[in-house]
Amino acid sequence: ANHQALLRSMIEKWIGTSTPTDPGPCFDFLQRKTSEVMKDGRVGRISSFTQLFQGLTEGSDCTSIGSNNKALERIFVYCLCWSVGALLEAEDRMKFDAWLRKRDDTRTMPKVQEGETIYEYFVNSTTGEWEKWKPPQWAYPEGDKLDFSNLLVPTLDST
């Protein structure tokens, strides 16, 4: 019951109330001020959001975060960016980041350097704090033949 009220307040704050005719402030902003790489409906994006949020907040790795409301809100915003705002190009990600920061009266968003956005950060599952994302150390595959078609190069969007 405690988490239910918290989640409702986060939805109201970050997404807003929507109706069949009014998408709410978040989706209205995205629809009017940004253009996505590919169109996806509200239901699909909210479904992606809930699946990502559930995946990051349930399970044995997340037991310490469960009682940390600040960490839950960080995860909420992280999930919002990587689901509802996932299909934005870099310029529109900057716009969405700025829009989110205008709503951030509790300093939930990460402190970023000039030219960075929330998209360069993730929430550490142990501490619940923001950390800057960096690609994992890459090791050259062993063997005589390197199959270029099966290589996965870690980037901000691929990991």
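Throughout these exercises, a residue is called buried under 20% relative accessible area, exposed over 50%, and partly exposed in between, with a 1.4 Å probe and protein chains only. The structure is a predicted model, in which local features need pLDDT of at least 70 and side-chain atom pairs count only at pLDDT 80 or more, while totals for chains, interfaces and linings use all residues. Residues are numbered from 1 along each chain as its sequence is written, and side-chain values use heavy atoms, with hydrogens and water left out.

**Exercise 1. Describe the overall architecture of the protein chain.**

Step 1. Helices (H or I, at least four residues) and strands (E, at least two) are taken as DSSP runs, numbered from the N terminus. On this basis the protein chain has five helices and two strands.

Step 2. Along the sequence, these elements follow the pattern α-α-α-α-α-β-β.

Step 3. The protein chain has 159 residues, of which 35% count as buried.

Step 4. A contact requires heavy atoms within 4.5 Å. Among contacts with a separation of 6 or more, 55% join residues 24 or more positions apart.

**Exercise 2. Characterise the largest pocket and its lining.**

Step 1. The search uses a 1 Å grid over the protein atoms alone: a cavity is a set of points where a 1.4 Å probe fits but cannot get out, whereas a pocket is an open set with protein on both sides within 12 Å along at least five of seven lines; lining residues have an atom within 4 Å of a point. Grid points are joined across faces, edges and corners, and the volume is the space filled by probe spheres set on the points.

Step 2. The largest pocket holds about 160 Å³ of space. Its lining consists of Ile11, Ile15, Gly16, Ser18, Pro23, Phe27, Arg42, Val43 and Ile46.

Step 3. Helix H1 (2–15) and helix H3 (42–57) are the elements that give two or more residues to this lining. The largest share, three residues, comes from H3.

Step 4. For the classes, Ala, Val, Leu, Ile, Met, Phe, Trp, Tyr, Cys and Pro are nonpolar, Asp, Glu, Lys and Arg are charged, and the others, Gly among them, are polar. The lining of the largest pocket then has six nonpolar, two polar and one charged residues.

**Exercise 3. Identify the buried face of helix H2 and analyse the aromatic pairs.**

Step 1. In helix H2 (residues 24–33), the buried residues are Gly24, Cys26, Phe27, Phe29 and Leu30. They pack against H1, H3 and helix H5 (90–103).

Step 2. Rings of Phe, Tyr and Trp (its six-membered ring) pair if their centres lie within 6.5 Å; planes under 30 degrees apart are stacked, over 60 edge-to-face, and the rest tilted. Seven aromatic pairs satisfy this rule.

Step 3. The pair of Phe29 and Phe96 is stacked because the ring centres are 6.5 Å apart and the planes stand at 20 degrees. This pair links distant parts of the chain, with Phe29 in helix H2 and Phe96 in helix H5, 67 residues apart. Both Phe29 and Phe96 are buried.

Step 4. Phe49 and Phe53 form another stacked pair, at 5.9 Å centre to centre with 20 degrees between the planes. Both residues lie in helix H3, four residues apart, about one turn of the helix. Phe49 and Phe53 are both buried.

Step 5. Phe29, Phe96 and Trp99 are linked into a cluster by ring pairs.

**Exercise 4. Classify Asp92, Ser83, Met109 and Arg107 by accessibility, and place each in its surroundings.**

Step 1. Asp92 lies in helix H5 and counts as buried because its relative accessibility is 7%. Not counting residues up to four places away in sequence, Asp92 touches Lys33, Thr34 and Ser35.

Step 2. Ser83 is in the loop between helix H4 (69–81) and H5. Its relative accessibility is 7%, so Ser83 is buried. With residues up to four places away in sequence not counted, Ser83 touches Arg45, Ser48 and Phe49.

Step 3. Met109 is found in the loop between H5 and strand E1 (121–123). With a relative accessible area of 6%, Met109 is buried. Leaving aside neighbours within four places in sequence, its contacts include Trp14, Val77, Leu100 and Trp130.

Step 4. Arg107 also lies in the loop between H5 and E1. At 73% relative accessibility, Arg107 is exposed. Most residues other than glycine have a negative phi. Arg107, although not a glycine, has a positive phi of about 55 degrees.
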